[in-house]
Amino acid sequence: MTNLDVEWAKDWMRRSSALLTERRMELIDLDRAIGDGDHGENMARGFTFVVQRIDENPPEDVPGVFKLVAQTLMSKVGGAAGPLYGTAFMRAAKAAEGDLDAASVADICAAALEGIVARGKATTGEKTMVDAWTPAIAAARAAAEAGQSPAEALRAAADAAAKGAEETIPMQATKGRASYLGERSIGHQDPGATSTSYLLGAAADAAEAAS
Ligand code: ADP
Ligand code: MG
């Protein structure tokens, strides 16, 4: 089973940038419905910077890539998502020790969520990206325990995140900008949970391409 190395991490960021640029309008529309409409622009712009910086100064290991992502998102991305994803990647960088096996995939996702929760204080059911990360971790952990590959663990995480994002539709937001809408936030999919499912999908695509 191929462990995930720095080439995978860089490819993950390239694929994230491409996918978030492709989905920019969709994320803008989701954020328009329950927020201020900047999420698609924030994410597409942030990951464009990430790829630029990787090209200028290629990191040598997986934690190095995650650290670069964290610093870029924190300094270049406004809104709630920049600091939240920035903290997530900073914690993931600390949790990663070189290349990743399936158990490490679950560990870095868990570390990312811990960072998001430390920063945003949300729990599940509040209609945020936490509702995508939480099932993703459980799925990655189950895949690792079943002896699956890191690519399979990431695919399971991405699928669970996509389902978790869909399950935010009937929720009422009680954290972040969407909470200002009260009951009117019901009936829309959370943009941050959606971008989380795209990020994890890009991670799985990169892992499958590498194995
Ligand atoms: P802003 O709301 O400041 O415009 P973005 O539009 O970039 O920021 O990001 C909005 C997303 O951030 C939401 O869809 C939600 O998933 C996430 N979010 C907001 N507040 C929190 C929080 N306290 N904890 C976790 N995620 C949050
Ligand atoms: Mg917004």
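Let's start at the ligand: in this predicted model, an N or O atom in the side chain of Arg177 is 3.2 Å from an oxygen atom of ligand 1. Two aspartates make polar side-chain approaches as well, Asp31 at 3.0 Å and Asp38 at 2.9 Å. Here are the three side by side.

| Side chain | Distance to an oxygen atom of ligand 1 |
|---|---|
| Arg177 | 3.2 Å |
| Asp31 | 3.0 Å |
| Asp38 | 2.9 Å |

On its own, ligand 1 would expose 570 Å², and the protein buries 92% of that area. The space that ligand 1 takes up is the largest pocket. Around ligand 1 there are 20 residues, and those that come nearest are Asp38, Ala80, Gly120, Asp190 and Gly192.

Now for the protein's interior. The largest nonpolar core has 65 residues, and the members touching the most others are Trp8, Trp12, Met13, Phe47, Phe66, Phe89 and Trp133. Take Phe89 as an example: leaving aside residues up to four places away in sequence, Phe89 touches Trp12, Met13, Phe47, Phe66, Val69, Ala70 and Leu73. In soluble globular proteins, nonpolar side chains tend to be buried together.

How values were computed. Residues numbered from 1 in each chain as written. Chains lettered and ligands numbered in written order. Predicted model: local features only at pLDDT ≥ 70, side-chain atom pairs only at ≥ 80, totals over all residues. Heavy atoms only, no water. Core = buried A, V, L, I, M, F, W, Y, C linked by side-chain atoms within 4.5 Å. Buried < 20%, exposed > 50% of the residue type's maximum accessible area, 1.4 Å probe, protein only. Contact = heavy atoms within 4.5 Å. Near = heavy atom within 4 Å. Polar contact = N/O pair within 3.5 Å; in protein donor to acceptor, adjacent residues only side chain to side chain. Areas by Shrake-Rupley, 256 points an atom, 1.4 Å probe, with all protein chains shown as cover. 1 Å grid on protein atoms, 1.4 Å probe; cavity = no way out; pocket = protein on both sides within 12 Å on 5 of 7 lines; lining within 4 Å. Sits in = over half its atoms within 2 Å of the grid points.
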